[in-house]
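Colleague: I should like to learn how to read the features of a fold from its coordinates. May we proceed one term at a time?

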Amino acid sequence: MEVRKTIAMRFKKDDGKTFNLSVRNPGPGVNEEAIKKVMDMVIEKNVFRIKGHGLIKALDAKIVETNTETYDLIL
């Protein structure tokens, strides 16, 4: 079985719309505090501009785990 982790972060843009950012395979020890620091840094450094709009607020984040089990059905 294969387990994959993704951090899904949601930001508010200066036009009132939202922007989603996902990071696959985060390193070990990722926690709420570390995610919040990264999201704040992305906003502070103005890392992304989406169609001319910047990110102004971190809304929420979650760590998503996906378990995949593959079956070889060809005999």
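Modeller: We begin with elements and their pairing. Helices (H or I, at least four residues) and strands (E, at least two) are DSSP runs numbered from the N terminus, and two strands pair if DSSP finds at least two bridges between them. The model is predicted, so local features need pLDDT of at least 70 and side-chain atom pairs count only at pLDDT 80 or more, whereas totals for chains, interfaces and linings use all residues. Residues are numbered from 1 along each chain as its sequence is written, and side-chain values use heavy atoms, with hydrogens and water left out.

Colleague: What pattern does the protein chain follow along the sequence?

Modeller: The protein chain has one helix and four strands, arranged along the sequence as β-β-α-β-β. Its radius of gyration (taken over C-alpha atoms) is 16 Å, well over the 11 Å that the globule rule (2.2 Å times the number of residues to the power 0.38) gives for 75 residues, so the chain is more spread out than a compact globule. The C-alpha trace spans about 55 × 30 × 15 Å along its principal axes.

Colleague: In which strand of the protein chain is confidence lowest, and in which highest?

Modeller: The relevant quantity is pLDDT, the predictor's confidence in each residue, from 0 to 100. Its mean over the protein chain is 94, and 100% of the residues reach 70 or more. Confidence is lowest in strand β3 (residues 49-50), at a mean of 94, and highest in β2, at 97.

Colleague: What is the order of the strands in the sheet?

Modeller: In general, strands of a sheet pair through backbone hydrogen bonds, either parallel or antiparallel. Here four strands form an open sheet in the order β2-β1-β4-β3, with antiparallel pairing. β2 and β3 stand at the edges, each with a single partner strand, so one side of each has no neighbour in the sheet.

Colleague: How many bridges join each pair of strands?

Modeller: Seven bridges link β1 and β2, twelve link β1 and β4, and two join β3 to β4. Individual partners can be read as well. F11 is bridged to F19 in β2, K12 has K57 in β4 as its bridge partner, and R10 stands opposite D60 in β4. I50 stands opposite H53, also in β4.

Colleague: Which residues in the turns and loops have a positive phi?

Modeller: The hairpin of β1 and β2 has four residues between the strands, and G16 in its turn has a positive phi of about 90°. The hairpin of β3 and β4 has two residues between its strands, and there K51 takes a positive phi near 50°; K51 is a residue other than glycine. N46, in the loop between α1 and β3, is likewise not a glycine, yet has a positive phi of about 55°.

Colleague: Is K51 buried or exposed?

Modeller: The classes rest on relative accessible area: under 20% is buried, over 50% exposed, and in between partly exposed (1.4 Å probe, protein chains only). At 81%, K51 counts as exposed, while N46 is partly exposed at 39%. K13, a residue of strand β1, counts as buried because its relative accessibility is 8%. Of the 75 residues of the protein chain, 19% count as buried.

Colleague: Which residues does K13 touch?

Modeller: A contact means heavy atoms within 4.5 Å. Not counting residues up to four places away in sequence, K13 touches T18, F19, I50, H53, G54, L55 and I56. Over the protein chain, among contacts between residues at least 6 apart in sequence, 60% join residues at least 24 apart. For proximity in space, D15 and H53 give a C-alpha to C-alpha separation of 6.6 Å although they are 38 residues apart in sequence.

Colleague: Which residues make up the largest nonpolar core?

Modeller: A nonpolar core is a set of buried Ala, Val, Leu, Ile, Met, Phe, Trp, Tyr and Cys residues joined through side-chain atoms within 4.5 Å. The largest one here has twelve residues: I7, M9, F11, F19, L21, I35, M39, V42, I43, I50, L55 and A58. β1 (2-13), β2 (18-24), α1 (32-44) and β4 (53-68) each give two or more residues to this core, and α1 gives the most, with four. Beyond its neighbours within four places in sequence, M9 is in contact with several residues, including F19, L21, I35 and M39.

Colleague: How does α1 lie with respect to β1 and β4?

Modeller: Axes are lines fitted to C-alpha atoms, for helices over the stretch in contact, and angles between N-to-C directions run from 0 to 180 degrees. By this construction α1 lies across β1 and β4 and runs at about 145° to β4.
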